[in-house]
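I opened my notebook to work through one protein model, and I wanted to begin with a single residue and then widen the view.

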Amino acid sequence: MTVTPDRPTPTAAAEPAIIDRFVEANRAYAVTFRDGGMDARPVQKVTVVACMDARLDLFAALGLELGDAHLIRNAGGVVTDDTIRSLTISQRALGTRSIALIHHTGCGLLGLTEDFRRELEQEVGQRPTWAVESFVDLDGDVRQSMQRVRTSPFIPHRDDVRGFVFDVHTGLLREIH
């Protein structure tokens, strides 16, 4: 593969240990958990589409509380068919009206190519049905994502769609027009 991790990848034997820790942490969380009676409809009526990068703490960075927003995350924060599906459900079934698209500096998709798919096909013997959706122009990809949302016939509220780049070194958002 053409991807080089920044730190060593855990071995398969080590992977269940982290999930065991999740289960343990969840038990501790559940002890003090109280159902706040929240509805599935986000209080702020907003959906955020962002990259899955672990460096992005969207709740802290955007001043969100539990129940405020729908968060849709994927590799690169790109607007794919599945993102459109989620945005459509968010708006039509759950009442959101605004959409914030957030890409970030240092994204793993920057510079990745479709060679990734070809190498994957060679390795596993089957070509992925999905596109990598990599990009070399961060601002341009945010604009493309905004355009995909604004032209989707399935999304009824397209007048408040804004795009941003999150700087992983400063924590600041830069709006893309």
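**Entry 1: the cysteines.** I started with C51, which is buried, its relative accessible area being 5%. I keep in mind that this is a predicted model, and that each value here is computed from it. I then looked up C107, which also counts as buried, at 7% relative accessibility. Why is C107 in no bond with C51? The sulfur of C107 lies 4.1 Å from the closest cysteine sulfur, that of C51, and this is too far for a bond, because a disulfide requires the two sulfur atoms to be within 2.5 Å. I therefore noted 0 disulfides for the structure.

**Entry 2: the overall layout.** I recorded 5 helices and 5 strands in the protein, and, reading from the N terminus, I wrote their order as α-β-α-β-α-β-α-α-β-β. I looked up the extent of the C-alpha trace, which spans about 45 × 45 × 35 Å along its principal axes. Of the 177 residues in the protein, 34% are buried. I also noted that, among contacts with a separation of 6 or more, 65% are between residues 24 or more positions apart.

**Entry 3: the nonpolar cores.** Which residues have the most contacts inside the largest nonpolar core? I found L87, I99, L101 and V149, in a core of 24 residues. The elements that each give two or more residues to this core are β1, α3 (81–92), β3, α4 (115–124), α5 (138–150) and β4, and the largest share, 4 residues, comes from α5. A second, separate core has 8 residues, including A50, L56, A100 and F166. I added a reminder that in soluble globular proteins nonpolar side chains tend to be buried together. I then followed L101 outward and, leaving aside residues up to four places away in sequence, found that L101 touches V49, V79, S145, M146, V149, V161, R162, G163 and F164.

**Entry 4: a pocket.** I turned to the second largest pocket, whose volume is about 200 Å³. The lining is made by V46, V48, L62, L64, S98, I99, A100, I102, D160, R162, F164 and L173. The elements giving two or more residues to this lining are β1 (46–51), β3 (98–104) and β4 (161–166), and β3 gives the most, with 4 residues. Sorted by kind, the lining residues come to 9 nonpolar, 1 polar and 2 charged.

**Entry 5: looking back.** I99 appears twice in my notes, as a residue with the most contacts in the largest core and as part of the pocket lining.

Key. Residues numbered from 1 in each chain as written. Predicted model: local features only at pLDDT ≥ 70, side-chain atom pairs only at ≥ 80, totals over all residues. Heavy atoms only, no water. 1 Å grid on protein atoms, 1.4 Å probe; cavity = no way out; pocket = protein on both sides within 12 Å on 5 of 7 lines; lining within 4 Å. Points joined across faces, edges and corners; volume = space filled by probe spheres on them. Nonpolar A, V, L, I, M, F, W, Y, C, P; charged D, E, K, R; others polar. Buried < 20%, exposed > 50% of the residue type's maximum accessible area, 1.4 Å probe, protein only. Core = buried A, V, L, I, M, F, W, Y, C linked by side-chain atoms within 4.5 Å. Contact = heavy atoms within 4.5 Å.
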